[in-house]
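Biologist: I'm new to this one, so could you take me through a single part up close and then show me how the rest fits around it?
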Amino acid sequence: MLYPSANWLPQAPLEPLQLDWLSAAGIEVAILRLDQIDPLISGNKWFKLVEHLKAADRAGAEGIISLGGAHSNHLHALAAAGKRLGFKTVGLLRGHPQETPTVKDLQTFGMQLHWLGYAGYRARHEPDFWLPWREQYPTLQAVPEGGGGLLGALGCVALKAQVNAQLAGLGWNDYHGWWLACGTGTTLAGLVLAEAGEHPVYGALAVPDDHGVAPQVEAIVHEAGLQGRAYELIDASREGFAKVDPLLLEFIEQTEQASGIPLEPLYTGKALLALRQQIESGRFPAGTRLIFVHTGGLQGRRAISS
Ligand SMILES: *Cc1c(COP(=O)(O)O)cnc(C)c1O
């Protein structure tokens, strides 16, 4: 079995986030620390894997094969889960062999790596891409890049219950909405499914508009057969995915000093900065209570800061 038991699920702590621009606007934010769920496994990529692991168990697989880049948070979470839970993992990597901190961890965790080059990686959407891998690893289940799709989203539905269980500890009886970084929108789609229209979900886009996040979210929501939904996508990409600018870096440093919460510049830093900009332009009235999801990704920033 890949997935240990039906009720084994790392818990994300929910903590008050105190920052001067929040108190100035009279807005309360609680941060759901997916970066703190487990000593080895971190971030939303774990939750996106849960239902994929259960599906692999149903198929009788002995492990998982998946793909990503040399800084991939997804491959890192997968390799960590394989090490933690004792199943086999194989990673297909974009580009040519390089020794990033992420790649070193993947090797330490026992993931078997294959470098596909760039053209080889681009072929991942071709219909016969998986054929040779299935032949080489017949007992492994393939998981799409980033752990996406409906299964990925379904794993994130559990986040709502984790928040609900901790609201009283903050002295909250409810909240007005969620705020989180989006790459593919899979995590957001999971929250939209969990809420079924009860509270809105605000997605801060870490990728430019043309990456098709909205259609991907709609496809998942449609496949799940959900009627009521409330979400909104806000551009937070700052000129492109993984584009980093001085204002962003300064904001991250100030936030870390003021709150003690580590952020990285690709997703969580951009999402929180976009929230500040929206709040400062009067988007939310005083008294609003929001859940900000810390989606993790801290392992990936080692390569940026070194
Ligand atoms: C992958 C990732 C995201 C984006 O998640 P999606 O489900 O693809 O929208 C956000 N934050 C971090 C840290 C990530 O690694």
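Let's start with one pairing: in strand 4, which residue is the bridge partner of Gly63?

Modeller: It's Lys88 that bridges to Gly63 in strand 4. Before going on, a word on the ground rules: this is a predicted model, where local features need pLDDT of at least 70 and side-chain atom pairs count only at pLDDT 80 or more, while totals for chains, interfaces and linings use all residues. Residues are numbered from 1 along each chain as its sequence is written, and side-chain values use heavy atoms, with hydrogens and water left out.

Now the pairing itself. Strand 3 (residues 63-68) runs parallel to strand 4 (residues 88-93), and 6 bridges link them. Strands count as paired once DSSP finds at least two bridges between them. The strands are DSSP runs of E with at least two residues, and helices are runs of H or I with at least four, numbered from the N terminus. Further along, Ile65 sits across from Val90 in strand 4.

On its other pairing, strand 4 joins strand 5 in the parallel sense through 4 bridges, with Leu93 facing Trp115 of strand 5. To get from strand 4 to strand 5 the chain passes through helix 4, making a right-handed β-α-β crossover. Right-handed here means that, with the strands pointing away from you, the path from the first strand over the helix to the second runs clockwise. Strand 3, helix 3 and strand 4 form a right-handed β-α-β unit too.

Step back and you see an open sheet of 4 strands, ordered 5-4-3-6, with parallel pairing. Strand 5 (112-115) and strand 6 (140-142) are the edges: each has a single partner strand, so one side of each has no neighbour in the sheet. From one strand to the next, the twist averages 25 degrees. Helix 4 (residues 101-108) packs on this sheet, touching strand 4 and strand 5, and its direction makes about 135 degrees with that of strand 5. Contact means heavy atoms within 4.5 Å; angles run from 0 to 180 degrees between N-to-C directions of axes, which are lines fitted to C-alpha atoms, for helices over the stretch in contact.

How covered is strand 4? Of its 6 residues, 5 are buried, where buried means under 20% relative accessible area, exposed over 50%, and partly exposed in between (1.4 Å probe, protein chains only). Glu62, in the loop between helix 2 (44-58) and strand 3, counts as exposed at 51% relative accessibility. Beyond its neighbours within four places in sequence, Glu62 touches Leu2, Phe87, Lys88, Thr139 and Leu140.

His74 belongs to helix 3 and is buried, at a relative accessible area of 2%. Among its contacts beyond four places in sequence are Ser66, Leu67, Val143 and Pro144.

Helix 3 also leads us to the inside of the protein. The largest nonpolar core has 59 residues, and Leu32, Trp46, Trp178 and Ile291 have the most contacts within it. Helix 3 (residues 73-85) gives the largest share, 7 residues. Such a core is a set of buried Ala, Val, Leu, Ile, Met, Phe, Trp, Tyr and Cys residues joined through side-chain atoms within 4.5 Å. Both domain 1 (14-41 + 151-305) and domain 2 (45-147) supply residues to this core, so it lies between them. The domain bounds come from an automatic or database domain assignment. As for the domains themselves, their C-alpha centres are 26 Å apart, and 21 residues of domain 1 are in contact with 20 residues of domain 2.

Trp46 itself, leaving aside neighbours within four places in sequence, touches residues including Tyr3, Trp8, Ile37, Ala77 and Leu85.

Finally, there's another open sheet, with 6 strands in the order 1-2-10-7-8-9 and mixed pairing. Strand 1 (14-17) and strand 9 (231-235) are its edges, each pairing on one side only. Within this sheet, strand 7 (residues 177-182) and strand 10 (residues 289-294) run parallel, joined by 3 bridges. There, Trp178 has Ile291 as its bridge partner in strand 10.
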